[in-house]
Amino acid sequence: MKITVIGAGYVGLVTGACLAELGHQVLCVDNNPEKIALLNAAGVPIYEPGLQELLSRNRAEGRIHFTTEMADAVDHGEVIFIAVGTPSQEDGSADLQHVLAVAGQVGRHLKNFKVVVNKSTVPVGTAYRVHDAIVTELRKRGIHEDLFEVISNPEFLKEGAAIDDFMRPDRIVIGLDKGPNHDTVQQKMDQLYASFNRHHARTLWMDVRSAELTKYAANAMLATRISFMNEIANLADLMGADVDCVRRGIGADARIGHGFLYAGTGYGGSCFPKDTRALVQTALDCGSTMKVVSAVEHVNDSQKTVLLHRTLQYFGNDLSGLNFAVWGLAFKPNTDDMREAPSRVVIKNLLLRGAQVHAFDPVASKEALEALTHDMAEHPQALQRLNIHATAYEATQQADALLVLTEWKTFHHPDFQLLKSQMKRPLILDGRNLYDPQWLQDMGIAYQGIGRRNDLALTLKRPVEAASSEPLMALS
Ligand SMILES: NC(=O)c1ccc[n+]([C@@H]2O[C@H](COP(=O)([O-])OP(=O)(O)OC[C@H]3O[C@@H](n4cnc5c(N)ncnc54)[C@H](O)[C@@H]3O)[C@@H](O)[C@H]2O)c1
């Protein structure tokens with residue numbers, strides 16, 4: 001089939017590359033000319049495991065092409081995916097300007113029947129708004145025919161494992177309302193996704209509104225599990241319990257399951273934060289409230305500062321002259337995505353309190369520097385104290401503490417003896433619970449995880465008084 005994908009970002013590129021791999025003829029369009037030039041020069045603008053190889057193969061076999069020309073793109077596909085960004089607005093609601101701009105462009109160029117698929121995460125009712133935006137443009141051209149259908153096909157891929165998720169979906173949710181085009185569209189989408197339904201039917205057909213809400217409900221549920229475990233971890237810290245034991249204990253219950261129960265420094269990324277905010281705002285717009293999801297957001301905001309509070313409890317409010325090594329900058333492993341990464345909150349606050357920060361990330365150095373330069377725009381002097389290193393052990397030289405913020409595999413088994421010999425103080429504040437507290441303690445490395453029972457955790461129980469008489473400064 002001929003497929004068009006509008007938006008060559010994390011979702012659009014993976015969708016395009018995977019559909020090309022299945023044999024479809026794909027044209028990806030983006031309004032960022034540099035991105036398209038890079039893709040046409042065999043480059044890849046984002047880091048996603050396996051994507052480079054998939055794109056190279058399908059480029060070479062002529063199944064995927066890239067353009068900035070919307071007229072060509074609309075002409076090309078029988079099915080047109082919209083995969084542009086839907087960032088948060090001031091009030092938390094989803095900003096639909098890119099989706100609606102694209103819809104208008106589709107309407108301006110549409111000549112024959114197309115299935116327009118909303119793959120972007122959009123609030124309930126957006127498919128109807130996309131429909132109206134297309135109709136408005138068609139009417140300007142004197143076209144009153146029923147030339148298209150807008151359906152919802154939310155994407156559930158995870159960055160870092162996006163290709164596997166796309167190629168082996170748990171389910172494919174498609175929202176399609178009853179109407180004259182219903183059967184034609186259903187047939188086309190069945191044909192498009194036939195490979196995924198060979199073993200057993202994975203496509204879940206439903207009405208458009210339910211499909212749109214399903215995406216938000218899924219992300220809100222996953223975010224809820226994370227915030228719930230973070231609260232249990234913080235309580236475990238106060239009580240001398242180990243959240244990792246609790247995680248196994250509850251995960252073994254088949255009704256609960258093991259997934260998404262890891263305590264840490266809070267979730268980030270391009271989806272959970274903005275989608276939970278948008279869901280809360282959608283409810284408010286309907287005169288309702290989402291009490292659980294609002295609480296999930298608040299817990300997450302404060303969880304991003306947990307390691308910072310521990311740092312200040314240990315060292316006091318003034319961090320001048322101290323060196324902090326930070327391992328892991330991207331919001332999670334196997335991606336270069338810095339959107340709402342907890343590392344941004346931690347590093348900004350360390351710099352603002354006078355610390356030298358020595359950071360390392362296996363792939364996100366460039367993106368991290370851009371993000372932190374943006375965050376520190378009003379504090380250029382403090383930004384000078386940020387050093388991003390090429391290796392993990394370069395960052396830990398003479399460090400007063402090591403903060404681990406992303407669970408990249410390469411951090412799972414560091415050379416602890418080397419760390420101990422390099423660091424000024426052997427202290428690890430582990431935001432991802434990668435290490436065994438007892439093991440490190442036996443090795444003479446002070447260790448603080450999230451919700452893990454260990455000596456440092458217990459001595460930090462009421463550490464403000466212990467380490468410093470000053471109240472903790474507000475964290476931003
Ligand atoms: N990133 C994820 O893990 C993920 C997972 C599931 C769903 N989603 C949803 O998918 C959507 C896209 O997310 P993303 O992370 O891929 O975003 P992204 O910012 O990485 O990519 C969006 C792309 O759209 C392009 N674009 C914007 N306006 C355009 C226009 N008018 N014409 C052509 N191109 C345009 C941008 O240049 C950019 O390349 C969002 O709604 C997001 O919530 C994302």
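This is a short tour of the ligand site and of one helix, α13, in a predicted model.

Before you click: residues count from 1 along each chain as its sequence is written, and side-chain values use heavy atoms, with hydrogens and water left out. Local features need pLDDT of at least 70 and side-chain atom pairs count only at pLDDT 80 or more, while totals for chains, interfaces and linings use all residues.

**Stop one: the ligand.** Select its shell, meaning residues with a heavy atom within 4 Å of it. You'll get 27 residues, and Asp30, Lys35, Thr86, Glu159 and Lys274 come nearest.

Now show polar contacts, here pairs of N or O atoms within 3.5 Å. A polar side-chain atom of Lys274 sits 2.6 Å from a ligand oxygen. A polar backbone atom of Val11 is 2.8 Å from an oxygen of the ligand. For Arg339, a side-chain N or O atom is 3.0 Å from a ligand oxygen. Taken alone, the ligand exposes 830 Å², and the protein buries 90% of that (Shrake-Rupley, 1.4 Å probe).

**Stop two: what supplies the shell.** Colour domain 1 (2-206) and domain 2 (216-299), bounds taken from an automatic or database assignment. Both give residues to the shell, so the ligand lies between them. Next pick helix α5 (97-109; helices are DSSP H or I runs of at least four residues, numbered from the N terminus). With three residues, α5 gives the most to the shell.

**Stop three: α13.** Select 306-315: eight of the 10 residues are buried (under 20% relative accessible area, 1.4 Å probe, protein chains only). Among them are Leu307, Arg310 and Phe315. Step just past the helix to Gly316, which takes a positive phi of about 90°.

Definitions and conventions. A polar contact is a pair of N or O atoms within 3.5 Å; within protein, one must be able to donate a hydrogen and the other to accept it, and residues adjacent in sequence count only if both atoms are side-chain atoms. Helices (H or I, at least four residues) and strands (E, at least two) are DSSP runs, numbered from the N terminus. Buried means under 20% relative accessible area, exposed over 50%, partly exposed in between (1.4 Å probe, protein chains only).
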